[in-house]
Amino acid sequence: MSFSIRTATIAELPIISELAYAIWPRVYDALLSKEQIAYMLSQMYAVGVLRKQHQLGQLFLLAIHDGVPAGFAAFEPNAAGPGIAKLHKLYLDPDRQGNGYGQRMIRDVEERAAALAQHSIQLNVNRGNKALDFYVHMGYECLQEMDIAIGKGFFMNDYLMQKKIGPMLQP
């Protein structure tokens, strides 16, 4: 079995959209209503929205398992302040979890962010998401609890988390 992570092209944003629409209902079905999942997908993962995010500076990555897209990530340098990248997205097909692929994905993001002179990464994670334990295991600390109104009466009930990654050392 092979697993790799690479930069996604603009032409591959529809693949990321398809992955989100396939993964999100499986990840959030016990946490969010079907209506909120559909609303959030339309607001965050429609191809046009992903293109705009790309234009505004988000860097997209694709995780490939045995030649098939299996996950994605997106982060934005300096989005949370000077030297503080924001990890906007990190999702892996639930059938591929438990093999160390998520750890490889987060480390890849951290290395890329450090190479872009970022000293920290922030992310939001739903307070009920089992990924919370993953992020804690990977060294992220909770900074605060947040309830973010996102429209149509829906909220994101998240923790804001952060990890110091330091600048990448040059050889």
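Let's start with the sheet: seven strands form an open sheet, in the order β1-β2-β3-β4-β5-β7-β6, with mixed pairing. At its edges are β1 and β6 (141-151), each of which pairs on one side only. From one strand to the next, the twist averages 30 degrees.

Keep in mind that this is a predicted model. The mean pLDDT of the protein is 94, and 97% of its residues reach 70 or more. Helix α5 (residues 131-137) has the lowest confidence, at a mean of 95, while helix α3 (residues 47-55) has the highest, at 98.

## How the strands pair

A bit of background first: strands in a sheet pair through backbone hydrogen bonds, and they can do so in a parallel or an antiparallel way. Here are three of the pairings.

| Strands | Sense | Bridges | Residues that face each other |
|---|---|---|---|
| β2 (residues 59-65) and β3 | antiparallel | seven bridges | L62 and F72 in β3 |
| β5 and β7 | antiparallel | seven bridges | Q122 and Q162 in β7 |
| β6 and β7 | antiparallel | nine bridges | E145 and Y159 in β7 |

The β6 and β7 pair also makes a hairpin, with two residues between the strands.

## Helices across the sheet

Two of the helices are worth tracing against the strands. Helix α1 (residues 13-28) lies across β2, β3, β4 and β5 (120-126), and runs at about 95 degrees to β3. Helix α4 lies across β1, β2, β3, β4, β5 and β7 (154-164), running at about 30 degrees to β1.

## Aromatic rings

Now for the rings. How many aromatic pairs does the structure hold? There are ten aromatic pairs. One of them is F3 with Y101: the ring centres are 4.0 Å apart and the planes sit at 10 degrees, so this pair is stacked. F3 belongs to strand β1 (residues 3-7) and Y101 to helix α4 (residues 101-115), so the pair ties together parts that are 98 residues apart in sequence. Recall that α4 also lies across β1. On the question of burial, F3 has 9% relative accessibility and counts as buried. Y101 counts as buried too, with 8% relative accessibility.

Another pair is F72 with Y91. Their ring centres are 5.6 Å apart and their planes are at 40 degrees, so this pair is tilted. It links distant parts of the chain, with F72 in strand β3 (residues 68-76) and Y91 in strand β4 (residues 84-92), 19 residues apart. F72 is buried, at a relative accessible area of 0%, and Y91 is buried as well, at 12%. You've already met F72 in the table, as the bridge partner of L62.

Which residues make up the aromatic cluster that includes F72 and Y91? The cluster is formed by W24, Y28, Y45, F72 and Y91. Y45 has a charged visitor, too: the charged end of K89 sits over the Y45 ring, 5.0 Å from its centre.

## Some residues in loops

K89 turns up again in the surroundings of Q58. You'll find Q58 in the loop between α3 and β2. Is Q58 buried or exposed? With a relative accessible area of 7%, Q58 is buried. Apart from neighbours within four places in sequence, Q58 is in contact with Q53, A74, F75, E76, H88 and K89.

Two other loop residues catch the eye for their backbone angles. As a rule, most residues other than glycine have a negative phi. D66 isn't a glycine, yet it has a positive phi of about 50 degrees. D66 sits in the loop between β2 and β3, and at 41% relative accessibility it counts as partly exposed. That loop lies between two strands that pair in the antiparallel sense.

The other one is K152, where phi is near 55 degrees, again a positive value in a residue other than glycine. K152 is in the loop between β6 and β7, and so in the turn of the hairpin described earlier. With a relative accessible area of 69%, K152 is exposed.

Methods: Residues are numbered from 1 along each chain as its sequence is written. This is a predicted model: local features need pLDDT of at least 70, side-chain atom pairs count only at pLDDT 80 or more; totals for chains, interfaces and linings use all residues. Side-chain values use heavy atoms; hydrogens and water are left out. Rings of Phe, Tyr and Trp (its six-membered ring) pair if their centres lie within 6.5 Å; planes under 30 degrees apart count as stacked, over 60 as edge-to-face and the rest as tilted. Helices (H or I, at least four residues) and strands (E, at least two) are DSSP runs, numbered from the N terminus. Buried means under 20% relative accessible area, exposed over 50%, partly exposed in between (1.4 Å probe, protein chains only). A charge sits over a ring if NZ of Lys or CZ of Arg is within 6 Å of the ring centre and within 35 degrees of the ring normal. pLDDT is the predictor's confidence in each residue, from 0 to 100. Two strands pair if DSSP finds at least two bridges between them. Axes are lines fitted to C-alpha atoms, for helices over the stretch in contact, and angles run from 0 to 180 degrees between N-to-C directions. Contact means heavy atoms within 4.5 Å.
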